[in-house]
Amino acid sequence: MQKITLTAPLSGIIYPIEEVPDPVFAQKMVGDGLSIDPTSHTLFAPIDGTVTQLHSAMHAVTLTHSSGLEVMMHIGIDTVALKGKGFEAHIKAGQEVKQGDALIDFDIDFIATNAKSVMTQIIFTNGELIESIEKAEGIAESKESPLATVTIKEALVCQNTINTPQNEEAILSEMIIIPNPTGFHARPAAILAGLAKKYTSKIALLKNGKSANSKSVVAIMGLDVQYNDTVQLSASGEDAKEAVAAIVPQIQSGLGDDVKAPPAAAVTASAIKKPEPKKKSSGDPDLLMGIAASPGVAVGIAVQIKEEKFDFAEEATDAHEQKNRFESALESSKNDLAALKESLEKEANLSKAAIFAAHHEMLEDPDLLEIAQNLIDQGKSAEYSWDQAYTLYAKQLEGLQNKLLAERANDLRDVGKRVMRLLRGKEQASQTLPDNAILIAEELTPSFVATIDTQKVKGFCITTGGATSHVAIIARSLDIPTIAGIEEQALDIIDGEPLILDGDKGTLRLHASQTLIDETIHKQQLITEERAKNLERAFEEALTADGKKIEVVANIGELKDAVAGVKLGAEGVGLLRSEFLFLERTSEPSEEEQYEAYRDIILALEGRPLIVRTLDVGGDKPLPYLPMPAEENPFLGVRGIRIGFENQEIFRVQARAVLRASTHGKIRIMFPMISTIDEIREVKVMLEEEREKLGVAPIEVGIMVEVPSAAILADQFAKEVDFFSIGTNDLTQYTLAMDRGHARLASKIDALDPAVLRFIKLTADGAHKEGKWLGVCGGLASDPLAVPVLVGLGIDELSVSVPSIPKIKAEVRRYSSNEAQTIASNALLCATAKDVRALLEKERR
Ligand code: PEP
Ligand code: MG
């Protein structure tokens, strides 16, 4: 019998595997072994062998001994989420190593603070080879002390090779989209192997033409299955059918991982705000409730949009011809999408362009195309094959718990139909629309909405989707009021029925009386007239009745908003939410990319000032390339500027890009969620170091006042900075201790609460004492009712949403400084937000 002795790969205290704080290891689901709580930071090879698996996150490596014995070493617990940060591998998969060779260096402090534990597991993953294991106890000394001696069973051939069923008829599962945010790391791999081992059949996990034995944790991990990958199971043997039927749903539901949280790559900029919950019935049969997806009120008549259907034969005679037809339809669709994207980019409509870029990408998905091509090879028509492929994929997306991804199913159907139309030689279905049409459908595709006749269509109403769906994004850019997720009865509304759609409240009024319609139309007319008047004066300064100037600037998220802001009279940009550059991607934007983006915006502002807020993401919304372990209280965790301290390179790259762009115009920099004086001092040092390296002129520095400590110490902060900008969204959240995205608290969280107003006053007084200026860039600045209070409290600048600019300027002009001060003093004396609102309504009459 062969005996193999392992030397300790690390120094530290040896623990029985049963004591590891992770059931996957403690219950030996990966295999038997030991754990070391390390005091050293280099993992050495405990045996001679071949590196048969090295996880892309570099936290796990497997060596296979010439006897077939596999030893997996897993550094820390839940370290896959660190995505390689804190690890440096010295070896590659396939490499031969000798006992005592250095395998992986790791940053023990970083792991200790960013993962659940540093305890490192040494596991024997192919227990079927093992007769017995003698395990050491006590203290291990790396490379020196023996850790375990494994006795290998005699006459056992290594069964752990990757196998793909060959001669037997294999059962192939449906395509499965991986929902695990960190892919198949040790836990899901162990659970899958455990499930597969219950069956006698050979079961292979297939990904991109590669295959792994599903009964081997190492083989599964070696496949490097990542989030959103598409895999299939192939099984052959007596119980193949049962195995596939039992295992597929387990993979779909995450194999024990929490699959509710999407990785940030899948999160759109607009999704930073939590999606609104689906509303319940109003109790009034004539008032249907849904989700407010695009603001505004529309009065019009119902037009039901029917789903586009295609007729086609299932079978075909010439597979070669079908393949050619399919490929040419794909090519034409891709060309059309590329042209559409290009023209949208020319209009600086980047968010819409990105939607069609994503559609283009979908048509290049190898797994999706493979399903269609396989069916064509089996003698099916191109139409049937494609229809099967994209509808199957869309259904799988729809079934995901991740709402944002589920909403992408609609995009897939959209591109799916685009190709079908080309295959059938059909134009996009066009219904002749009456004037003032309110379109109702189960769902509308982004392509349909983007090409709609905006003269005729006054509103959209869909029973599916949410405020983050692409249809909603396009509707907002077209300024068409929209409700998503409306109650199903909407589909029973008869064509021609008069309707009132309120895109602010998310309600649809049926059987509206003529009086109500007239009243709504009258109100709309007044609003339109007022808007026109405000627009006429949009390019004038906003002066109070006694001539005090209030700067009215824009909150923007990207270049196109800057362009739109200038057209509506913005005197600059008071808040560029720079997150737009960081989201929906798998690696951080380069300095050059950021520099170009900031430069293009400052140039579009034609001499007006721009405030760039540095990256403001956090534990509640992680970025895929930035390891951020889950936090119990993400809003109180590593968020805002704290990200910049933990990931200084990200901060420094952004600071350099902003500084370089500042040579093209008046750029100021602003830091989010500053809560202590030490933080502003520290961040200024980093900024200054980068500035000196670049040799550019200093720029003005400001902070967002978003937490009570910053407001209370405003006089101290004012000595450190050039300006303040109050983020009332967060200031309200932290003042009232109410999560700003919490559905049940939504009606209680109000920025006009006197407690928040008192903090604003403290901030204004602190700034002015030191001769500094201050603005408000939170949502309160865009609320017309709040204007006199803010002006009366001493605010110098209002940074508002682009469409609100003319209106907010008009509100400033309504009051003298004295009147505004009296209103503000009275508001500060109110007891509740309701009282403040009542006071302001009265003053406005
Ligand atoms: C705020 O908190 O008010 C603010 C403007 O920042 P954001 O909404 O981006 O958190
Ligand atoms: Mg904020």
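Buried means under 20% relative accessible area, exposed over 50%, and partly exposed in between, with a 1.4 Å probe and protein chains only. Keep that in mind for a moment.

This is a predicted model, where local features need pLDDT of at least 70, side-chain atom pairs count only at pLDDT 80 or more, and totals for chains, interfaces and linings use all residues. Residues are numbered from 1 along each chain as its sequence is written, chains are lettered from A and ligands numbered from 1 in the order written, and side-chain values use heavy atoms, without hydrogens and water.

Now, Q489. Is Q489 buried or exposed? Neither: Q489 is partly exposed, at a relative accessible area of 41%. It sits in the loop between β25 (482-484) and β26 (498-502); strands are DSSP runs of E, at least two residues, and helices are runs of H or I, at least four, numbered from the N terminus. P285 is 204 residues away along the chain, yet the two C-alpha atoms are separated by 9.6 Å.

Next, the metal. Which residues donate to the magnesium ion, ligand 2? E706 (OE) and D730 (OD) do, lying 2.0 Å from it. Donors here are N, O and S atoms within 2.8 Å of the metal (3.2 Å for Na, K and Ca); water is not among the atoms, so sites may look incomplete. E706 lies in the loop between β33 (701-705) and α19 (708-712), and D730 in helix α21 (residues 728-736), so the pair ties together parts 24 residues apart in sequence. Both E706 and D730 are buried.

On to cavities. A cavity is a set of points on a 1 Å grid over the protein atoms alone, where a 1.4 Å probe fits but cannot get out; lining residues have an atom within 4 Å of a point. The whole structure has 2 cavities of 30 Å³ or more. A volume is the space filled by probe spheres set on the points, which are joined across faces, edges and corners.

The largest has about 50 Å³. Its lining includes T614, L615 and F651. Helices α16 (641-646) and α17 (648-661) each supply at least two lining residues.

The second largest has about 40 Å³. D22, F25, H74, D78, H185, A186 and R187 line it.

Last, confidence. pLDDT is the predictor's confidence in each residue, from 0 to 100. The chain's mean is 87, and 92% of its residues reach 70 or more. Over residues 156-166, pLDDT is below 50. Residues 261-279 also stay under 50.

Terms used
On a 1 Å grid over the protein atoms alone, a cavity is a set of points where a 1.4 Å probe fits but cannot get out, and a pocket is an open set with protein on both sides within 12 Å along at least five of seven lines; lining residues have an atom within 4 Å of a point. Contact means heavy atoms within 4.5 Å.
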